[in-house]
Amino acid sequence: MSQWSQVQQLEIKFLEQVDQFYDDNFPMEVRHLLAQWIESQDWEVASNNEPMATILLQNLLIQLDEQLDRVSQEKNLLLIHNLKRIRKLLQGKYHGNPMHIAVIISNCLREERRILAAASMPVQGPLEKQLQNSIVSERQRSVEHKVSAIKNSAQMTEQDVKYLEDLQEEFDFRYKTIQSLEQGDKNSVLMKQEMMMLQEMLNTLDYKRKEVLSKMAQVINESDVLMNNMLLEELLDWKRRQQIACIGGPLHSGLDQLQNCFTLLAESLFQVRRQLEKLDELLTKLTYDGDPILLQRPHLLERVNFLLYHLFRSSFVIERQPCMPTHPQRPMVLKTLIQFTVKLRLLIKLPELNYQIRVKATIDNNRRFVLCGTHVKAMNMDESANGSLSVEFRHLQPKEMKSSAGSKGNEGPQMVTEELHSISFETQVSLYGLTVDLETSSLPVVMISNVSQLPNAWASIIWYNLLSKDSQNLAFFNNPPTATLSQLLEVLSWQFSSYVGRGLNSEQLNMLAEKLMGQQISYNDYQLSWAKFCKEHLSGKSFTFWVWLEAILDLIKKHILPLWIDGYIMGFVSKEKERVLLRDKMPGTFLLRFSESNLGGITFTWVDQSENGEVRFHSVEPYNKGRLTALPFADILRDYKVILADNVPENPLKYLYPDIPKDKAFGKYYSCQPNEVSRPTEGGVKGYVPAVFIPISKILYDSTDPHSPSDLLPMSPSVYAVLREHLSPTVIETAVCCKFFHS
């Protein structure tokens, strides 16, 4: 079943979450019509590979054209109209930046997988519940409402200032007219009436000046409260969601809404600033004792500038954290001399700033690393599909200083992966006489010099972003805090949903909890240390819990991904539990689990019965990535044979737990059907028996020797049939007991 088909079967509360991240950037109609094609493409790789992204965009448009031809024949006018509009929209939006649509589609697919994983969980995890409450918070809706109200108030004040300007011009005209009269005319009754009229106008001017200044003060006060009590809190929430998304959690959204709020608020404050400047012009033409402009304007202008200053300072954000294109799902882990990308955005989107802001990238000042590559670029509105004012650095790479590298001594990989660094960015904005220096920094990154350090480095990134809301606590691992087991288990499920397309259910998470903590009555409130997670070896093993889990993720990703996504691999189940599950099942029922003693290994266990009805369990030696490279795992399950004493080899695997016929479960994954091998001819160069690798185990129930491991032997079932015509079963058995069998 396709991922999109699974999504469509979700409950309404999960479908509402899906609906939130499909918009004009990637319409749901395209996702629905091209579901299978979209899921068969590698959008993650394309998101950091421009030539590949260009090809995928072209192919996407071709697929839409084919759909248009189909619906045109069906004469579905509405769908024809929508598809033409969508095609034009996508081509115009992404023609100059095809990688952006790859990022969007990759994120959508990943978020679908996360929601599918969440839907399979009986209870929503604590982190996701907290984030979900934040996303739909009343505060967010209130911010948008208040920003609009402030914008409207600023517009209304603009009309008041214009009225005040007109009123003062009329007063000025009347006053100059009186001044131009002869002295005799000034003593007339008409003149006295005119003077009284002027006094009334002056009183009205004074009242209107006070009224306008009061309205400006109200706009400024409301802007102050909104910015400090609500808008910046929303920004902090977004940054926290970004942290969680970086370690596999729910897709962080809301930046476009924040940009809209920041921009509207900045426009309103600049409008008030211009209005204050207009009042200053009026002041030069007319002032008097107790003039409110003279008394209030300087303070109001100071407050406006202060708010604009801090609004700009807060609006400079990291839209996409540093990430190596080679490892898109492992952000903030950077390898020396390998390029990484990072994207910044200014949330105040004003056309006057396009190409006017040059951003400089640096690394923290410990003098151990320097940044090579293009580290100064201008922000613009042309590279982003949504027209945001942003800049993306694509060719930065960290380099370790020689003096530092030479002084490391015996420092090991574990110490390196706990050392945090920060990529910093600085620029300056000058607009309408206002100059602001802007600075921001990435979330802490971990530098590695060898890819073997990547697993532990990623563990550091997970632990930091799970437990720290401080984006610049570079000394975090001097005394790392503990995590509750419920928090950690939720994040571990995210690793599977984001990296290999299917999260963990409650039974699988319970097994991991037992692996970490042993037999505990309750896991939810248990505090887990950093050392227990990533530094201390598992009991009786030569590796840590995290190294064991990371090896399983790598195994799934490279060798058994379709089987994992479709839910056929139970995976995390102890030997004791698997026996409980299989004991009452039909002979030949088997399940697939990850090895607890071998890194990156998967095995299968099946149940059968002896002649006297005794239940027996058999587990093969785990298959690792080396063996799975030679033979696909589905083919192993299809062709696996067991030799019992002198019997003919037979496949003991009949039903996938609980009762799914093996070929029904795995048939679509078989690479090909076993070759039917003809007998060798008596002559000619073609007289060879083709060799096919099949896995065979020999089980000796009456022997004290340990069961032999399953070896990959170059023999097909039909080859075995040919050999039986020429060799006795005893001779074949002797050959099978050897490491290799030669045909």
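Biologist: Which residues line the largest cavity?

Modeller: The lining is S47, N97, M99, H100, V103, R320, K343, E392 and R394. A cavity here is a set of points on a 1 Å grid over the protein atoms alone where a 1.4 Å probe fits but cannot get out, and a lining residue has an atom within 4 Å of a point. This is a predicted model, where local features need pLDDT of at least 70, side-chain atom pairs count only at pLDDT 80 or more, and totals for chains, interfaces and linings use all residues. Residues are numbered from 1 along each chain as its sequence is written, and side-chain values use heavy atoms, with hydrogens and water left out.

Biologist: What volume does the largest cavity have?

Modeller: About 70 Å³, counted as the space filled by probe spheres set on grid points joined across faces, edges and corners. Searching the whole structure gives five cavities of 30 Å³ or more.

Biologist: Which element gives the most to the lining of that largest cavity?

Modeller: Helix 8, with three residues. Helix 8 (98-120) and strand 7 (389-400) each supply at least two. Helices (H or I, at least four residues) and strands (E, at least two) are DSSP runs numbered from the N terminus.

Biologist: And how does the lining of the largest cavity split by class?

Modeller: Two nonpolar, three polar and four charged residues. Ala, Val, Leu, Ile, Met, Phe, Trp, Tyr, Cys and Pro are nonpolar, Asp, Glu, Lys and Arg charged, and the others, Gly among them, polar.

Biologist: Switching to pockets: how much space lies in the second largest one?

Modeller: About 1,200 Å³. A pocket is an open set with protein on both sides within 12 Å along at least five of seven lines. The second largest pocket is lined by 43 residues, and Q329, Y499, V500, K557 and L561 are the closest to its centre. Helix 1 (3-8), helix 5 (43-46), helix 8, helix 16 and helix 20 (545-565) each give two or more residues to that lining.

Biologist: Which of those gives the most?

Modeller: Helix 20, with ten residues. By class, the lining of this pocket has 19 nonpolar, twelve polar and twelve charged residues.

Biologist: Helix 16 came up there too. Is it mostly covered or uncovered?

Modeller: Mostly covered, with twelve of its 14 residues buried, meaning under 20% relative accessible area (exposed is over 50%, partly exposed in between; 1.4 Å probe, protein chains only). Among the buried ones are W458, I461, I462 and W463. Its length agrees too, because 14 residues at 1.5 Å a residue should span 20 Å and the end C-alpha atoms are 20 Å apart; the expected span is 1.5 Å times one less than the number of residues.

Biologist: OK, sheets. In what order do the four strands of the open sheet run?

Modeller: 6-4-9-10, with antiparallel pairing. Strand 6 (376-378) and strand 10 are the edges, each pairing on one side only. Strands pair if DSSP finds at least two bridges between them.

Biologist: How many bridges join strand 9 to strand 10?

Modeller: Eight, and the two run antiparallel. L431 has L434 as its bridge partner, and S424 has S441. The hairpin has two residues between the strands, and Y432 takes a positive phi near 55°.

Biologist: Which residues make the covered face of strand 10?

Modeller: L434, V436, L438 and T440, while T435, D437, E439 and S441 form the uncovered face. Strand 5 (369-372) alternates as well: F369 and L371 are buried on one face, V370 and C372 point to the other and are not.

Biologist: Where does C372 find its bridge partner?

Modeller: In strand 7, at Q397. Strand 5 and strand 7 run antiparallel, joined by four bridges.
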